[in-house]
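Biologist: Please take a close look at one part of this model for me. I would like the edge of the sheet and the loops around it.

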Amino acid sequence: MYPDDLKYSKDHEWIRVEENRGTVGITFYAQESLGDVVYVDLPQVGDEVAAGESFGTVESVKSVSDLYSPVSGKVVEVNQGVIDHPDLINKDPYGDGWLIMVEMSDPGELDDLMDAKAYEELVKKS
């Protein structure tokens, strides 16, 4: 349910790191809590994001929630697929349901994130 190759934030975002880039999405727990996702508002390519700060919103049939970046950097890719088909987040949160790709300005911020085991413990307490 929580892949071992990802890092997780307390805000229920995940990041998959390849060199100095990170692909960001929301966790299975987050999408399950939201219910059916109907709309996503994401930044533009070239926008700067900061660790712990909002970079967009996700709207479900239940509520609207902010999305928080796990790292700082520049947005280098936005998943047009989830903008056109927000339900991809529910169907495949760790695959086709990814949100943005960030070129990290401070890879050291990854040290502040949780591994899968720690994140699973956090979710159990929720």
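Modeller: What follows starts with the sheet, moves to one of its edges, and ends with two loops. Keep in mind that the model is predicted.

The sheet is open and has six strands. Their order is β1-β2-β3-β9-β8-β5, and the pairing is antiparallel. β1 (7-8) and β5 (48-49) stand at the edges. Each has a single partner strand, so one side of each is left without a neighbour in the sheet.

Now take the β5 edge. β5 pairs with β8, residues 73-78, in the antiparallel sense. Two bridges make up that pairing. V49 has G73 of β8 as its bridge partner.

Next comes S72. This residue is found in the loop between β7 and β8. Buried or exposed? S72 is buried, because its relative accessible area is 13% and the cut-off for buried is under 20%. A polar atom of the S72 side chain lies 2.9 Å from the backbone nitrogen of A51.

The loop between β6 (54-60) and β7 (64-68) holds V61. V61 has 61% relative accessibility, so it counts as exposed; the cut-off is over 50%. Together with V38 and Y39, V61 makes a nonpolar surface patch of about 300 Å².

Last, the annotation. An unreviewed UniProt entry gives "domain: Lipoyl-binding" for residues 21-103. Over residues 21-103 the chain is 19% helix and 42% strand. The end C-alpha atoms of that stretch are 4 Å apart.

Technical notes: Residues are numbered from 1 along each chain as its sequence is written. This is a predicted model: local features need pLDDT of at least 70, side-chain atom pairs count only at pLDDT 80 or more; totals for chains, interfaces and linings use all residues. Side-chain values use heavy atoms; hydrogens and water are left out. UniProt positions are given in the numbering used here, feature names are shortened, and annotations may be inferred rather than shown by experiment. Two strands pair if DSSP finds at least two bridges between them. Patches are made of residues with over 30% relative accessible area and no salt bridge: like charges are joined within 9 Å, nonpolar side chains (Val, Leu, Ile, Met, Phe, Trp, Tyr) within 5 Å. Accessible areas come from the Shrake-Rupley method with a 1.4 Å probe; for residues, only the protein chains shown count as cover. A salt bridge is a side-chain nitrogen of Lys or Arg within 4 Å of a carboxyl oxygen of Asp or Glu. Buried means under 20% relative accessible area, exposed over 50%, partly exposed in between (1.4 Å probe, protein chains only). A polar contact is a pair of N or O atoms within 3.5 Å; within protein, one must be able to donate a hydrogen and the other to accept it, and residues adjacent in sequence count only if both atoms are side-chain atoms.
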